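Thank you for making time this morning. I would like to walk through one part of a sheet, strand by strand, so please keep the model open as we go.

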Amino acid sequence: MLMKEYRICMPLTTEEYKIGQLYMISKHSCEQSDGGEGVEVVRNEPDTHPQHGPGQLTEKRIYLSSKLPSWIKAFVPRFFYVTEKAWNFYPFTITEYSVSFVPRFSICIETRFENNNGSNDNVFGDMPTPADDVCFLDILTDPNLERHYNESEDLSRWRSNKTNRGPLEKGWRDNHNPIMCSYKRVKCSFEVYGFQTRTEDFLHNLIKDVLLVGHRQAVAWVDEWHGLSLEEVREYEKTMQEKTNNKVKSNQNNSGPQGATRPVTHRSISVTDEPSLRRMGVTTVNMSSTSASSLPHIPVRLNSTPLPSDNTESRTS
């Protein structure tokens, strides 16, 4: 397991960001969803935590097959999703990610928001994060991937008419008022032999990119959400979730201009030795003590053969 704590400052107050966070996540999810990929909201409902009190529970399915590097695509199904469960007990949140067919994959993100510039070294109250594992992300100066750059979200040029803030200048975290910090303790685990280190490093790099984009957008879009009530932003959230779900589902089962149904394809890692299977969390069967008649008949498929579908017409007719 690889653990890091990220600290991202913004020229906002935590009270303002309670609204801004909900607005940003809803709009960003909709922008990033299209062509059968993106974020599908499964449920979004009130929840009460014994320690943190009343809040909101959101469950999402994130479809991102085309965004994965080739070395990961080699051992995942063609179509799959990551399950996200988020508990929002603002100013504290917990977010967990899992994949059903990879039992030893997990990401857990604990977040706390405070009105300071990232100076709290024990923000979670249990133990200080070692200095080597703390990473400050700067929404102004940290490099942006070219595909994420948008001039209207460039905070060196940004100006808010509603709040009279911006643009940001070098060293802004030391003297800007107001200022808040998003503290995120991120734990990534991928306990699969031969892939662990590379995958956990990839996940942290991906998370850093997502955090930078999201927090920049929350600030850049401040004039769109500033002044909204919680009820108004929840209504916006509901509208955007319906729009996002429709974008994800509209093309999920289609390919090409003719809308032909795409075959469901399964891939698997070829592992034959029992120790490797156990390390991946796969339960093995002692074939010598099991009669052939007691085993279910399972057809053998090679080279990612498409599975038959009840609604797929014969190509030979």
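Which residue in S4 does Lys60 stand opposite? The residue opposite Lys60 is Glu84 in S4.

Before I go further, a word on provenance: this is a predicted model, in which local features need pLDDT of at least 70 and side-chain atom pairs count only at pLDDT 80 or more, while totals for chains, interfaces and linings use all residues. Residues are numbered from 1 along each chain as its sequence is written, and side-chain values use heavy atoms, with hydrogens and water left out.

Strands here are DSSP runs of E with at least two residues, numbered from the N terminus, and two of them count as paired if DSSP finds at least two bridges between them. With that in mind, strand S3, residues 53-63, runs antiparallel to S4 and is joined to S4 by seven bridges. Strand S4 itself spans residues 82-89, and six of its eight residues are buried, buried being under 20% relative accessible area with a 1.4 Å probe, protein chains only.

Moving on along the chain, a hairpin of two residues joins S4 to S5, and these strands pair in the antiparallel sense over seven bridges, with Glu96 in S5 as the bridge partner of Lys85.

Strand S5, residues 92-98, pairs in turn with S6, residues 105-114, again in the antiparallel sense, over six bridges; Phe92 stands opposite Arg112 in S6, and six residues lie between the strands of this hairpin.

Finally, S6 is joined by ten bridges to strand S8, residues 180-190, running antiparallel, and there Ile109 has Val186 as its bridge partner.

Technical notes
Helix = DSSP H or I, 4+ residues; strand = E, 2+ residues; numbered from the N terminus. Buried < 20%, exposed > 50% of the residue type's maximum accessible area, 1.4 Å probe, protein only.
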